[in-house]
Amino acid sequence: MQNNRVKFLRDELNKLGYYYYVLDNPLVSDYEYDKLYSELRELEEKNPELITPDSPTQRVGGINSGFYEIKHKYRLYSLDNTYNYEELRKWYERIEKECGNNIKLVCELKIDGLAVALAYKDGIFVKGATRGNGIVGEEITQNLKTIKAIPLKLFENADVEVRGEIYMPKTSFEKLNDENLTKGEKLFANPRNAAAGSLRQLDSTITAKRDLSMFTYTAIIERAQEIPTTHWESLQYIKKLGFKTNPNIRLVDNIDGAIDFCKEWETKRFDLDYATDGVVIKVDSIACQKELGFTARAPKWATAFKFPPEEISTKLLDIEIGVGKTGAITPVAILEPVLLAGSTVSRASLHNFDEIKRLDIRIGDRVLIKKAAEIIPKVIKVVETPEHEKLPHYTLPTKCPECDSNLEFREGEVNLYCTNEKCPSVIKAKLEYWVSKEAMDIDFIGPSAIEQLYSLGLVESPLDFYKLKMEDLLKLDLVKEKSAQNMYNSIQESKKRPFSRFVTALSIRHVGKETADIIVSEYPSLKLLSSASVEDLSKIDGIGDKIARSVYEYFQNSENQKMLRQFENLGLIFENNVTQKTKELDGKTFVLTGTLSSMTRDEAGDRIKQRGGRLSSSVSKKTSYLVVGDNPGSKLDKAQNLGVIILNEEDFLRMINEV
Ligand SMILES: [Zn+2]
């Protein structure tokens, strides 16, 4: 009797979930759903033997003991891509040459998310993994189960492996970032990063709380009632099995139809609640796909058209100048507000004064601004207009906007600097950096508190933070007992930050967070670091002469030495008791070959070492991965012979989570 009721509830809830999350067409209210759900959970608690893997109660998640690598049963290939319609035509010509004329194509939006592979056995979801490098991925079944658009049971007892793209809707992304901002937690750069971060949670109850969804776009059918003969049919079949597919797909007769689809979505994509970065175009006939086959990295029967980066022109109203923590003067473009990629932009980066001169940017010009994936927009060039020549040339500022001191260029640098060491802007910028997440991470003290502490003469150097008493903090506007206590506690708390954070916080010239991490991994205490010579320092991988000299000079300066002694007396810790390295690549040996486009090989090596991996100069049986850039050497052949896993740059960046 109870068995029947449990089965009924399970099927009913799965059906309701399907209508809600896959078809976007809720049949009942949340209240009705919750009532049925609670009944099922209670019955299952009393009769645990009645729980099945496809029960909706199995979506709540739990703690993963770690993520394990698994080899994909079927390789996940990359796609060749282009920004260019001419190249699309050439691709199509090659296809016509092989398979005859009038080859039909299927156009699908390329979702900017994370690719995953899901295996179903007898219609039940059994295993899911990240794409990884296409050959090896990480098993994340438990986390995937929490995503309600992923069916736990199909409408048919089929054996299939599907590929889909996990994404976070733009609105959910904004909501999540809003919440994180209020809680003082880390903000995600874009929806894809947020989806990636959510998917790789060890605690999958966190994944369950994030609003993730999945569009399924490919199925490899091992056993099923139908074996589709075209890609279009297979998309319909995927839908019939119970998966969510993207509705914006089109079957076209030839490449012209595909190009029309791309042009249409170049602008329409901004109305969608998920990010897309292009269009995937596939040959429809599966027989023809088989005839075309694969290159080493990608199928010949599919390609991706990438949307151009987002650009728009507007009027440059003014150039504002600000002062950074090094005293560098930075120009900012003040623009006539304009809508770009769904948000209003009124300020943009101008990089530096050299760039203004090089581009001959004048106030009053029409300028082209560009935004690439949620990054601060940049001015990229002047739009030629008859007015341009009539406008006066931009003249460099000569005085600091804050303290009116003279500005000067430093040798070998493109930036202008304020010459006043006690410039209030510089001091405040340094203090703000000191408390930032990246440096000492002092909560509850933001720019406005710093402004007040500075103008009251309470804090003029980071040292002063640690001398503040409760009564000092209570002098700030709107600060009551409780928030003063919070501020005080977080200052005290920050004394325990690892040494590398402290080195970052010092704002030593040319030393940002990453550089500080590298230096401290070699010199893990103040004693060791302050006695290192320029020569010692420049021997560290990834540290050049310029950085080495700057670090050396900093620790030789007697004023700085005095300050460091005071910090020590105030109880700050000058030893890295916890290693800054992470362990993601622990036990893995990497070899690099060829030229990478996004970083030098040294930088790639640093990234590997920072994550606990090892670097070797030659390929052997012990090599875990060979990272291949352009024009690889003989290492590639050797790795192929030994069966070493080969990663292209994109695979590598994904592995170290930098895309
Ligand atoms: Zn100044």
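Trainee: Why does Phe294 count as partly exposed?

Mentor: Keep in mind that this is a predicted model. Phe294 has a relative accessibility of 40%. Buried needs a value under 20% and exposed one over 50%, so a residue in between is called partly exposed. That's where Phe294 ends up, because 40% falls between the two limits.

Trainee: And what makes Trp301 buried?

Mentor: Its relative accessibility is 14%, and the limit for buried is under 20%. Trp301 is therefore on the buried side.

Trainee: How many aromatic pairs are there by the ring rule?

Mentor: The count comes to 22 aromatic pairs. One of them joins Phe294 and Trp301, with 6.1 Å from centre to centre and 80° between the planes.

Trainee: What makes the pair of Phe294 and Trp301 edge-to-face?

Mentor: Two checks. Centres have to lie within 6.5 Å for a pair, and planes over 60 degrees apart count as edge-to-face. With 6.1 Å and 80°, Phe294 and Trp301 pass both, so edge-to-face is the right label.

Trainee: Why is the pair of Phe353 and Tyr394 called stacked, then?

Mentor: The planes of Phe353 and Tyr394 are at 5° and the ring centres are 6.4 Å apart. Stacked asks for planes under 30 degrees apart, with centres within 6.5 Å, so the pair qualifies.

Trainee: How do you know that this pair links distant parts of the chain?

Mentor: Look at where the two rings sit: Phe353 is in helix α11 (residues 353–358), while Tyr394 is in the loop between β16 (378–383) and β17 (407–409). That puts them 41 residues apart. Phe353 is also buried, because its 3% relative accessibility is under the 20% limit.

Trainee: Which residues do ring pairs link into a cluster?

Mentor: Trp434, Tyr466, Phe502 and Phe567.

Trainee: On to the helices. What describes the packing of α1 and α2?

Mentor: Helix α1 (residues 2–22) and helix α2 (residues 30–46) pack at about 145°, and their axes are 10 Å apart. Their crossing is left-handed. On the α1 side the contact includes Val6, Leu9, Leu13 and Leu16, and on the α2 side it includes Leu36, Leu40 and Leu43. Sorted by type, the residues of this contact are 10 nonpolar, two polar and five charged.

Trainee: Why is Thr52 partly exposed rather than buried?

Mentor: Thr52 has a relative accessible area of 21%. Buried means under 20%, and exposed starts over 50%, so Thr52 is partly exposed. It lies in the loop between α2 and β1 (69–71). Leaving out neighbours within four places in sequence, Thr52 is in contact with Arg10 and Gln58. Arg10 is 42 residues away along the chain, yet the C-alpha atoms of Thr52 and Arg10 are separated by 9.1 Å.

Trainee: What makes Asp464 buried?

Mentor: Asp464 has a relative accessible area of 16%; that is under 20%, so it counts as buried. Asp464 is found in helix α14 (residues 462–465). Beyond residues up to four places away in sequence, it touches Leu458 and Val459.

Trainee: And how do you know that Asp606 is buried?

Mentor: Asp606 comes out at 8% relative accessibility, which is under the 20% cut-off, so buried is the conclusion. Asp606 lies in helix α23 (residues 601–610). Not counting residues up to four places away, Asp606 touches Ile518, Asp541 and Gly542. Asp606 and Glu514 are 92 residues apart in sequence and 9.6 Å apart in space, C-alpha to C-alpha.

Technical notes
Residues are numbered from 1 along each chain as its sequence is written. This is a predicted model: local features need pLDDT of at least 70, side-chain atom pairs count only at pLDDT 80 or more; totals for chains, interfaces and linings use all residues. Side-chain values use heavy atoms; hydrogens and water are left out. Axes are lines fitted to C-alpha atoms, for helices over the stretch in contact, and angles run from 0 to 180 degrees between N-to-C directions. Helices (H or I, at least four residues) and strands (E, at least two) are DSSP runs, numbered from the N terminus. A crossing is left-handed if the near helix is turned anticlockwise from the far one by less than a right angle, and right-handed if clockwise. Contact means heavy atoms within 4.5 Å. Ala, Val, Leu, Ile, Met, Phe, Trp, Tyr, Cys and Pro count as nonpolar, Asp, Glu, Lys and Arg as charged, and the others, Gly among them, as polar. Rings of Phe, Tyr and Trp (its six-membered ring) pair if their centres lie within 6.5 Å; planes under 30 degrees apart count as stacked, over 60 as edge-to-face and the rest as tilted. Buried means under 20% relative accessible area, exposed over 50%, partly exposed in between (1.4 Å probe, protein chains only).
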